[in-house]
Amino acid sequence: MGVAAGQRGTAGGAAAEWPGKAFGIPAAGPGAVAGLGQRIGAFVVDAVAAALVAWAFTAPDPPQNWSLLVWGLVTVLGVGLLGTTPGHLVAGTRVATLGAADRGPLVGFWALPRTALIGLVVPPLIQDGDGRGLHDRLCHTVVVRTR
């Protein structure tokens, strides 16, 4: 059975009127599921910033894998402690945990596997009807808008 026009599937496979409805996430505004464009924008900002920071230490040579290390550290620490990275701040998004009463920031352990999966690039592109990538589904998180 197909999904009706204008509806998207949810984690449970049922049709929903907007991404995140099954999780109690609003349709629009702050707290709504962030769009793919916002998430890609945040990733690009973080990747460029990490490359520039790494290059500051390796110049005149290119940063090579040092930029990946900087990106990983900023992402794990930022998401793990604050639920955000510099790219998320620029894009107006943050990472929230599912099931938390206040959808607070992701704290601790889940930031590490989530970051590792983002580093593989493909998992964030495999999305469900709620706009959550494979990395978010496995780590029980969702990227939401802050503004």
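This passage describes the salt bridges, the aromatic pair, the nonpolar surface patch and one strand pairing of a predicted model.

In the predicted model, 3 salt bridges are found in the structure. One of them joins the side chains of Arg114 and Asp136, with a nitrogen-to-oxygen distance of 2.9 Å. Arg114 belongs to helix 4, which spans residues 111-119, whereas Asp136 belongs to helix 6, which spans residues 134-139, so that this contact ties together parts lying 22 residues apart in the sequence. Both partners are hidden from solvent in the computed sense, Arg114 being buried and Asp136 being buried as well.

Another of the salt bridges is formed between Arg132 and Asp128, whose side chains meet at 3.9 Å from N to O. This distance satisfies the criterion applied here, because a side-chain nitrogen of Lys or Arg has to lie within 4 Å of a carboxyl oxygen of Asp or Glu. Arg132 is buried, having a relative accessible area of 4%, and Asp128 is likewise assigned to the buried class, with a relative accessibility of 16%. Glu17 and Lys21 also form a salt bridge, in which the closest N and O atoms are 3.4 Å apart. Here Glu17 is exposed, with a relative accessible area of 51%, while Lys21, at 35% relative accessibility, is classed as partly exposed. The assignment of Glu17 follows from the cut-off, because a residue counts as exposed when its relative accessible area is over 50%.

With respect to aromatic contacts, a search of the whole structure yields 1 pair. The pair consists of Phe43 and Trp71, arranged edge-to-face with 5.8 Å between the ring centres and an angle of 75° between the planes. Its two members come from distant parts of the chain, since Phe43 is located in helix 1 and Trp71 in helix 2 (residues 66-82), with their positions 28 residues apart in the numbering. The two rings are assigned to separate accessibility classes: Trp71 is buried at a relative accessible area of 8%, whereas Phe43 is partly exposed at 34%.

Phe43 also takes part in a nonpolar surface patch of about 690 Å², the other contributors being Leu36, Ile40, Val44, Val48, Leu52, Val121 and Leu125. Helix 1, covering residues 36-58, supplies the largest share of this patch, namely 6 residues. Leu36, which is found in helix 1, is partly exposed, with a relative accessible area of 37%. Val121, by contrast, is located in the loop between helix 4 and helix 5 (122-125), and is partly exposed at a relative accessible area of 44%. From the C-alpha atom of Val121 to that of His135, a residue 14 positions away along the chain, the separation is 9.8 Å.

As for the strands, strand 3 (residues 93-97) is mostly covered, given that 4 of its 5 residues are buried. Strand 3 pairs with strand 4, which comprises residues 141-145, in the antiparallel sense over 5 bridges. Within this pairing, Ala96 has Val142 of strand 4 as its bridge partner.

Key. Residues are numbered from 1 along each chain as its sequence is written. This is a predicted model: local features need pLDDT of at least 70, side-chain atom pairs count only at pLDDT 80 or more; totals for chains, interfaces and linings use all residues. Side-chain values use heavy atoms; hydrogens and water are left out. Buried means under 20% relative accessible area, exposed over 50%, partly exposed in between (1.4 Å probe, protein chains only). Patches are made of residues with over 30% relative accessible area and no salt bridge: like charges are joined within 9 Å, nonpolar side chains (Val, Leu, Ile, Met, Phe, Trp, Tyr) within 5 Å. Accessible areas come from the Shrake-Rupley method with a 1.4 Å probe; for residues, only the protein chains shown count as cover. Two strands pair if DSSP finds at least two bridges between them. Rings of Phe, Tyr and Trp (its six-membered ring) pair if their centres lie within 6.5 Å; planes under 30 degrees apart count as stacked, over 60 as edge-to-face and the rest as tilted.
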